[in-house]
Amino acid sequence: MATENPVESLQEEATCPICLEYFKAPVILDCGHNFCRLCVTQCWQGSDANFSCPQCREILQHRNFRPNRQLANVVELAKQLSLQAAKGAEGERVCETHGEELKLFCEEDQTPICLVCDRSKEHRPHTVVPVEEAAQEYKKKIQTHLKSLKKEREKLQEIKVTDTQRSWEHLKQTEAERLKIMFEFEQLHQFLREQERLLLAWLAELDQEIVKLQDENVTKLSKEISRLSEQISELEGKSRQPASEFLQDIRSTMNKFEEGKFQQRLEASSDLERSLSHFCQKNFAVKLTLNKLKDSLPLELKTGKGKSMGSDGKASVTLDQDTAHPRLLLSVDRKILTWDVIRLNLPEHPQRFDSSPCVLGCEGFITGRRCWENKSLVFLVN
């Protein structure tokens, strides 16, 4: 029986039977066996009683163990001896079994061996070459693999650079499109704010004119009422006179009241009618301006997603894709309409809208009041 290597024996004694590595914070159980603190703790995890030794399976009544400082010192010595045994007198690795310099390389086992190993029964039938020769041969193979890996890395780096440049180009395009959209909507907002200011100013002028006309009409009517009151008082006083006195100058009295009969009241009524007519004309002009403003809005702001709703319920409308503007995207069932920032490459058609963002329906409404409904806007058409 071959004599055991002392270094190997020491390594076995310094090895944990659970993790098969050098002890880390070794502890000793009541049965005398040693383990890493973490290893034995994990083995006992989930157990509340009857703890057993992982090596001899002896049942322990209590879950307790003690640090083994002497074994920890032995582990450190074993590590140092193993490190020294792995080096020869000139700093070369030596055979762990025979302590001889590794001068040969076994092709079958793919490992360096010493001259004693080459004569042993284990390696006798194997192909063995000198270590330097084997190293040169494998270095050539490694160099070949290195060239292949470097070429593959260069290709991947080129792809990475190309993809990065392409991504930056796309980001530039999206940023340019974003700025364009922001600029267009800012212009639209400015236009809407200006139109709102003009229309509100127009309505303010109408309010002032209505109040002015109302005050003038009230003043005229008040004067007319006062004049009529005076005439009524005069006629009532005339009626209470004695007959002989009452009939004197009766003709001039009758002519006086008949000449101006309702004249002032008719004039006041005519002024009020003219004022109301003027107000209606201006109000109609404001409504007409608002309708023109709505007509000038983009199609998606007026139609939403292309869903039609009537006063008596929802109506299903199928859109005609041959008439859709190239930036209008229709769903598969041609029921939903969305605005696309990218101009679609659609086939030419004589009925297609090219300059205006419009689309026609395959069927229409003959009678009734209909509207296109949006989440924020609803516009009615008769």
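Student: In this predicted model, why is E175 called partly exposed?

Tutor: E175 has a relative accessibility of 35%. Partly exposed covers the range between under 20%, which is buried, and over 50%, which is exposed, so E175 at 35% counts as partly exposed.

Student: What makes E175 and R178 a salt bridge?

Tutor: The N to O separation of their side chains is 2.4 Å. The cut-off is within 4 Å, so the pair E175 and R178 qualifies. R178, at 42% relative accessibility, is likewise counted as partly exposed. The two residues are three apart in helix 5, which means a separation of about one helical turn.

Student: How many salt bridges does the structure hold?

Tutor: It holds eight salt bridges. One of them joins D30 and R66, with N and O 3.7 Å apart.

Student: Which parts of the chain does the pair of D30 and R66 link?

Tutor: D30 is in the loop between strand 1 (26-28) and strand 2 (34-36), whereas R66 is in strand 5 (residues 66-67). The residues are 36 apart, and the pair links distant parts of the chain. D30 has 49% relative accessibility, under the mark of over 50% for exposed, and therefore counts as partly exposed. R66, with 46%, is also partly exposed.

Student: Why are no disulfides counted?

Tutor: A disulfide needs cysteine sulfur atoms within 2.5 Å. The sulfur of C53 has its closest cysteine sulfur in C31, 3.5 Å away, so the distance is too far for a bond. For C56 the closest cysteine sulfur is that of C53, at 3.6 Å, which is also too far. By this rule the count is zero.

Student: Is C53 buried or exposed, and how do you know?

Tutor: C53 has a relative accessible area of 0%. Because buried means under 20%, C53 is buried. C56, by contrast, has 34% and is partly exposed.

Student: What makes L149 exposed?

Tutor: The relative accessible area of L149 is 51%, and the cut-off is over 50%, so L149 is exposed. L149 lies in helix 5 (residues 131-239). Together with I142 and L146, L149 makes a nonpolar surface patch of about 260 Å².

Student: Which residues form the negative surface patch, and how do you know that E12 is exposed?

Tutor: The patch is formed by E8, E12, E13 and E96. E12, found in helix 1 (residues 6-13), has a relative accessible area of 59%. Since exposed means over 50%, E12 is exposed.

Note on methods. Residues numbered from 1 in each chain as written. Predicted model: local features only at pLDDT ≥ 70, side-chain atom pairs only at ≥ 80, totals over all residues. Heavy atoms only, no water. Patch = residues over 30% accessible without salt bridge, like charges linked within 9 Å, V, L, I, M, F, W, Y side chains within 5 Å. Areas by Shrake-Rupley, 256 points an atom, 1.4 Å probe, with all protein chains shown as cover. Lys, Arg positive; Asp, Glu negative; His and termini not counted. Charge placed at Lys NZ, Arg CZ, Asp CG, Glu CD. Helix = DSSP H or I, 4+ residues; strand = E, 2+ residues; numbered from the N terminus. Buried < 20%, exposed > 50% of the residue type's maximum accessible area, 1.4 Å probe, protein only.
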